[in-house]
Amino acid sequence: SYRKGGYHAVRIADNFSAGRYIAQKKLGWGQFSTVWLAYDTESSKYVALKIQKSAPQFSQAAIHEIEILSAVAAGDPSNDKCTVRLVDHFKHAGPNGQHLCMVLEFLGDSLLSLIKYNRYKGLEFHRVREISRCILTALDYLHRELRIIHTDLKPENILLCSNINPSKDPIRSGVTPVLERPEGNPNGGVVISSIEKRLKQRAKRAVARISERRIGMGGGVGRTPKPPRILDGIDFTCKVVDFGNACWADSPIAEEIQTRQYRAPEVILQSGYSFAADIWSFACTAFELATGEMMFTPKTGQGFSEDEDHLAMMMEFLGKIPRKIATSGARSKEYFDRYGDLKRIRRLKYGSIDRLLVDKYKFSDADAREFAGFLSPMLDFDPDKRPTAQQCLQHPWLNADSETSRLNAGMNDLEIKAKK
Ligand code: ADP
Ligand code: MG
């Protein structure tokens, strides 16, 4: 893909935007772009530099993403709506063509890597709550204030805000920027990358050590792990990123949206989608954070498609799709008969989310009931019946921690009064 119309090849210490940004190391890549850690000489901060492939369709997509990101930034001057901030954008001419570049605030690891570091065991409820509050704050802002649908919400597209990343604390993290390529060393970033590697390993070990073990899953080996110092930097706030597929609700971007496992039933059935499609993906994400496993992993089978397996799984966890909904989409006839039964998958094993949480993930009955009570309304087959992000933010499950702390605070007040 490093050819005409494709990616722009970057070397450490390459300059962008008339020398303002200096490339440090590659952070990641997607279908359309590569993302680099860069040093912003104007603000003396690290930033993420997203460099788009140069062919016209990629530039067009980048223009759309910049438009959305600009609206997201403009509506949130205090930058507290849990959405990634666009700092700058410009064009960069290279041997493969003109590349649109986006400069974004530099964030930490994705929730997917957090789940991996945690060895797919699921996070403690208080962390799931913290993260859920952030994501819902972002969705409430996007939906209600901007009328934007994200359309690709999933753990990979939610990045942690963490102080162990060098942009926030370059001194403690010990990373100094490379400003020019060292003489005679074309890979001039060796020193940096070994420090970064060590930092990353430290962070990985730290997160692994706090890997929360659920009651009934065994208590771990040896002594009780003491939270390492590095965890001071992880406060579990996070931000939603990747607005490459986002759209305004009144001009839907495509018929097929969302990554398979997070795809809402109305998208599969093509009965029209809106904000509620993001709510469905959010529920799948919250389930994955709490259990360590994806909620739906459909597969093509003998005599049925991935879509049909997906619809069958949804019904097995959530109950039968009401006939009216099952038969209302442009693709309904491919999958359902006129009674609202799947044509090619006949015998379903009906269960429920709370049974699944208890039987497979060993949640206590009370935990399962409460968490399922939070998730179930968001997984309503009828998108119009799903709660809005604003309503989700009010749910008692999400506020259970603060409820407890308020109670404790109240107790302390009483104790203080009693002492007086
Ligand atoms: P794509 O649209 O091509 O999927 P993304 O915006 O998702 O691109 O970025 C690709 C990868 O780059 C992400 O998965 C992440 O690893 C990294 N990345 C993107 N934005 C940032 C950021 N602001 N800070 C740190 N890393 C980022
Ligand atoms: Mg992405």
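Which residue in β3 is the bridge partner of Ala23? Select Ala23 and then Ala38, which is its bridge partner in β3. This is a predicted model, in which local features need pLDDT of at least 70 and side-chain atom pairs count only at pLDDT 80 or more, whereas totals for chains, interfaces and linings use all residues. Residues are numbered from 1 along each chain as its sequence is written, and side-chain values use heavy atoms, without hydrogens or water.

Next, display strand β2 (residues 21–29) with strand β3 (residues 33–40), which pair in the antiparallel sense over seven bridges and are joined by a hairpin through three residues; strands are DSSP runs of E, at least two residues long, and two of them pair if DSSP finds at least two bridges between them. On the other side of the sequence from β3, β2 also pairs with β1 (residues 15–16), again in the antiparallel sense, over two bridges, with Tyr21 as the bridge partner of Phe16. In the turn of that hairpin, Ser17 has a positive phi of about 50°.

Move on to helix α3 (residues 125–146), whose end C-alpha atoms are 30 Å apart, in agreement with the 32 Å that its 22 residues should span at 1.5 Å a residue, the expected span being 1.5 Å times one less than the number of residues. Of these 22 residues, 16 are buried, that is, under 20% relative accessible area with a 1.4 Å probe and protein chains only. Just after α3, Arg147 takes a positive phi of about 60°.

Finally, select Ile135, whose contacts (heavy atoms within 4.5 Å) include Leu111, Leu153 and Phe282.

Conventions:
Chains are lettered from A and ligands numbered from 1 in the order in which they are written. Helices (H or I, at least four residues) and strands (E, at least two) are DSSP runs, numbered from the N terminus. Buried means under 20% relative accessible area, exposed over 50%, partly exposed in between (1.4 Å probe, protein chains only). Lists of a residue's contacts leave out its neighbours within four places in sequence.
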